[in-house]
Amino acid sequence: MLLYAVIPPDATAPDGHGLANRRLETIRSALAAMIVEECPDRLAGTNEESRTFAEILCNLPATTPLLPIRFPTMLATRSAVLAELQANETAWSKRLAELRGLSEVVIRAQWPD
């Protein structure tokens, strides 16, 4: 499972596909949720994959705060994602509450090769 972002547990699930062209899913615990994508192969972490990942994150609904996950973080199964979520949900929930009503601007500088 490729991890994208942590969101509040009651946030609307995103509608769309991820980097591996599979539907994005939301796995929920009591205090937080995580947007993930089933990804059968490890990703190489190329610049192009990284840019595409960032575009997907930027296109997620702007109506909810999110904590982006570093690309290309992966966990083997949905149950592993849920275990990670439950282990960190208190801290992540607190951070999401701090971010409510704020937005982030990402600037990517590119130089000619």
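1. The expected span of a helix is 1.5 Å times one less than its number of residues. Helix H1 (residues 47–59) has 13 residues and should span 18 Å; its end C-alpha atoms are 18 Å apart, which agrees. Helices (H or I, at least four residues) and strands (E, at least two) are DSSP runs, numbered from the N terminus.

2. A word on the basis. This is a predicted model, in which local features need pLDDT of at least 70 and side-chain atom pairs count only at pLDDT 80 or more, while totals for chains, interfaces and linings use all residues. Residues are numbered from 1 along each chain as its sequence is written, and side-chain values use heavy atoms, with hydrogens and water left out.

3. The sheet. It is open, has 4 strands in the order S2-S3-S1-S4, and pairs antiparallel. Two strands pair if DSSP finds at least two bridges between them. S2 and S4 stand at the edges with a single partner strand each, so one side of each has no neighbour in the sheet.

4. The hairpin. S2 and S3 form it, with 4 residues between them. S3 covers residues 33–37, and 5 bridges join it to S2 in antiparallel fashion. Thr 26 has Ile 35 as its bridge partner in S3. Ile 27 stands opposite Met 34 in S3.

5. Which residues does Thr 26 touch, leaving out those up to four places away in sequence? They are Ile 7, Ala 13, Pro 14, Ala 33, Met 34 and Ile 35. Contact means heavy atoms within 4.5 Å. Thr 26 lies in strand S2. Its C-alpha is 7.8 Å from that of Pro 14, and the two residues are 12 apart in sequence.

6. Helices on the sheet. H1 packs on the sheet and touches S1, S2 and S4; its direction makes about 25° with that of S1. H2 lies across S1, S2, S3 and S4 and runs at about 80° to S2. Axes are lines fitted to C-alpha atoms, for helices over the stretch in contact, and angles run from 0 to 180 degrees between N-to-C directions.

7. Two sides of H1. Its buried residues are Glu 49, Phe 53, Ala 54, Ile 56 and Leu 57. Seen down the axis, they fall within an arc of 160°, so they line one face of the helix. The arc is that of the directions from the helix axis to the C-beta atoms. These buried residues pack against S1, S2 and S4. The face turned away carries the exposed residues Asn 47, Cys 58 and Asn 59. Buried means under 20% relative accessible area, exposed over 50%, partly exposed in between (1.4 Å probe, protein chains only).

8. Aromatic pairs. The structure holds 2. The rings of Tyr 4 and Phe 53 have centres 4.8 Å apart and planes at 20°, so they are stacked. Tyr 4 sits in strand S1 and Phe 53 in H1, 49 residues apart. Rings of Phe, Tyr and Trp (its six-membered ring) pair if their centres lie within 6.5 Å; planes under 30 degrees apart count as stacked, over 60 as edge-to-face and the rest as tilted.

9. The second pair. Phe 53 is buried, with a relative accessible area of 3%. The rings of Phe 53 and Phe 71 have centres 4.8 Å apart and planes at 40°, so this pair is tilted. Phe 71 lies in the loop between strand S4 and helix H2, so the pair ties together parts that are 18 residues apart in sequence. Tyr 4, Phe 53 and Phe 71 form one aromatic cluster.
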